[in-house]
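Got the viewer open? Let's take a walk through this model together, from the broad layout down to a few odd spots in the backbone.

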Amino acid sequence: MPITAYEWIAGPAPEPELTRFGEIPLFREGLYHLKDGCYAWMVPNGSWGETNIGLIDCGGESVLIDTCWDPNLTRSMLSHMQPVLQHSPVEYLINTHGDGDHCWGNQLLAAKPIYATRACAAGMRHYSPASLRALTHTGRVLKRLPLGSLRLFGHYMSGMFSPYDFSEVTLTEPNQTFSGEQTLTVRGREIVMLEVGPGHTDGDAFVWIPDRSVLYAGDVIFTGVTPVMWAGPVENICRALQRVLEMKPAVIVPGHGPLATQMDIQHLLDYWEFLQDNLHPLSTRGMSSYDAACEVAASKSFRQQPFARWDSPERIVTNARNLYREWGIDEPSLPGTLQTMNLFRQQACLAFSMAEASPTVMRHLSR
Ligand SMILES: [Zn+2]
């Protein structure tokens with residue numbers, strides 16, 4: 001069922017006319033009641049940092065699944081959740097993985113048990129708020145320069161980060177870690193944490209509510225938004241997606257985008273298969289991952305696929321590079337954050353060459 005079929009409880013009012021990136025919203029931002037105490041905070045349309053969050057009301061205590069990309073947004077979300085939190089305050093937090101847009105509001109719940117996989121906890125310091133602040137600043141400077149791809153990169157980065165404020169973020173790591181599977185029982189309600197990574201990141205986990213058949217999938221599942229593989233292998237991502245097809249959850253809350261259906265899961269599997277099938281022959285011809293990503297993204301066969309219209313199609317650049325690594329092709333790499341910056345610079349170049357790529361604001365040179 002689409003999210004509009006569920007009860008909208010609370011959220012920003014009046015309803016914003018556009019998303020944080022200036023797109024027409026596919027649904028209203030806010031807290032939705034999915035099923036007997038299972039809620040989701042849904043943010044349209046699922047682009048950079050437009051993260052979906054879970055909330056389980058266990059009758060007197062609640063479990064929060066992930067926090068927002070900065071403390072302000074997390075504070076605002078928690079205030080909108082008051083209709084639930086006033087009788088069931090948040091006593092537990094689970095992080096599905098360590099990307100900042102799922103855990104950089106953790107500091108507001110630092111005194112509570114915070115659960116995540118061991119691999120997630122170990123990787124959480126991979127990117128620091130200070131490095132993103134530097135990238136935001138760099139983007140603002142570069143976009144004023146008449147320097148081709150650097151200027152595009154500047155626009156792309158400042159567009160990506162402009163809705164967020166990382167100045168107050170204090171990294172707050174999980175204090176309860178697990179590997180494999182762990183069940184948290186709160187007032188008789190079972191909340192099952194299933195490690196499915198590495199894939200999207202090193203430490204991905206699903207959160208599964210068996211008695212209501214609700215799955216909070218984190219970023220292994222995006223709906224209508226191009227998925228990204230930071231860690232790999234792709235085999236693990238596909239295995240996790242297959243597992244969801246077998247579980248047949250009644251409700252699937254993705255990390256980004258509208259609620260997912262079984263068809264959406266199949267489309268994600270198709271995306272990963274398409275990328276492998278189309279990039280691998282180019283890799284054996286000696287083409288770089290960037291050139292191969294651009295060629296595939298421009299191909300007629302890609303543009304006929306449903307995923308050609310997903311948000312941020314330029315993420316194919318990062319996916320191609322990491323698939324190449326899996327295939328044993330070592331491409332020249334820059335140290336640390338510089339490599340990420342270079343990947344984003346390449347993504348920016350591709351995004352600017354794709355007329356229909358959304359969010360369009362990241363390609364808006366007049367801003
Ligand atoms: Zn993520």
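A word on naming before we start: helices and strands here are DSSP runs, at least four residues for a helix (H or I) and at least two for a strand (E), and they are numbered from the N terminus. Keep in mind too that this is a predicted model.

Let's begin with the overall division. The domain assignment splits the chain into domain 1 (3–127 + 171–260), domain 2 (129–161) and domain 3 (272–363). Notice that domain 1 is given as two stretches of the chain.

Now find the sheet. It is an open one with 8 strands in the order 1-2-3-4-5-6-7-8, and its pairing is mixed. At the edges sit strand 1 (7–10) and strand 8 (176–178), each of which pairs on one side only. On average, neighbouring strands in this sheet are turned by 25° against each other, ignoring direction.

What does that mixed pairing look like from strand to strand? Take strand 3 (residues 38–42) and strand 4 (residues 53–57): these run antiparallel and are joined by 4 bridges. If you want a pair to click on, Cys38 has Ile56 of strand 4 as its bridge partner. Further along, the sense is parallel: strand 5 (residues 62–65) pairs that way with strand 6 (residues 90–94) over 4 bridges. Here Val63 has Tyr92 in strand 6 as its bridge partner. Strand 6 also pairs in the parallel sense with strand 7 (residues 114–117), this time over 2 bridges, and Ile94 is partnered with Tyr115 in strand 7.

Next, some helix packing. Two packed helices are described by the angle between their axes and the distance between the axes. For helix 7 (residues 234–247) and helix 8 (residues 262–284), the angle is about 160° and the axes are 10 Å apart. Since angles over 145 degrees count as roughly antiparallel, helix 7 is therefore roughly antiparallel to helix 8. The crossing of helix 7 past helix 8 is left-handed. On the helix 7 side, the contact is made by Val234, Ile237, Cys238, Leu241, Val244 and Leu245; helix 8 brings Gln262, Ile265, Leu268, Leu269, Trp272 and Gln276. Sorted by class, that contact has 10 nonpolar and 2 polar residues, with no charged ones.

Where else do parts of the chain meet? Domain 2 and domain 3 touch, with 10 residues of domain 2 in contact with 11 residues of domain 3. On the domain 2 side, helix 5 (129–142) and helix 6 (148–161) are the elements that give two or more residues. Helix 6 gives the most, with 8 residues. By class, this side of domain 2 has 6 nonpolar and 4 polar residues, and again no charged ones.

Finally, the odd spots. Most residues other than glycine have a negative phi, and most peptide bonds are trans. So which places here go the other way? One is the peptide bond from Pro44 to Asn45, which is cis with omega near -10°; Asn45 is in the loop between strand 3 and strand 4. Another cis bond runs from Gly197 to Pro198, with omega near 0°, and Pro198 lies in the loop between strand 10 (189–195) and strand 11 (205–209). Then there is Arg187, which has a positive phi of about 50° although it is not a glycine. Look for Arg187 in the loop between strand 9 (181–186) and strand 10.

Conventions
Residues numbered from 1 in each chain as written. Predicted model: local features only at pLDDT ≥ 70, side-chain atom pairs only at ≥ 80, totals over all residues. Pairing = 2+ DSSP bridges. Axes fitted to C-alpha atoms, helices over the stretch in contact; angles between N-to-C directions. Parallel < 35°, antiparallel > 145°, perpendicular 65-115°, else oblique. Left-handed = near helix turned anticlockwise from the far one by under 90°. Contact = placed C-beta atoms within 7 Å. Nonpolar A, V, L, I, M, F, W, Y, C, P; charged D, E, K, R; others polar. Domains from an automatic or database assignment.
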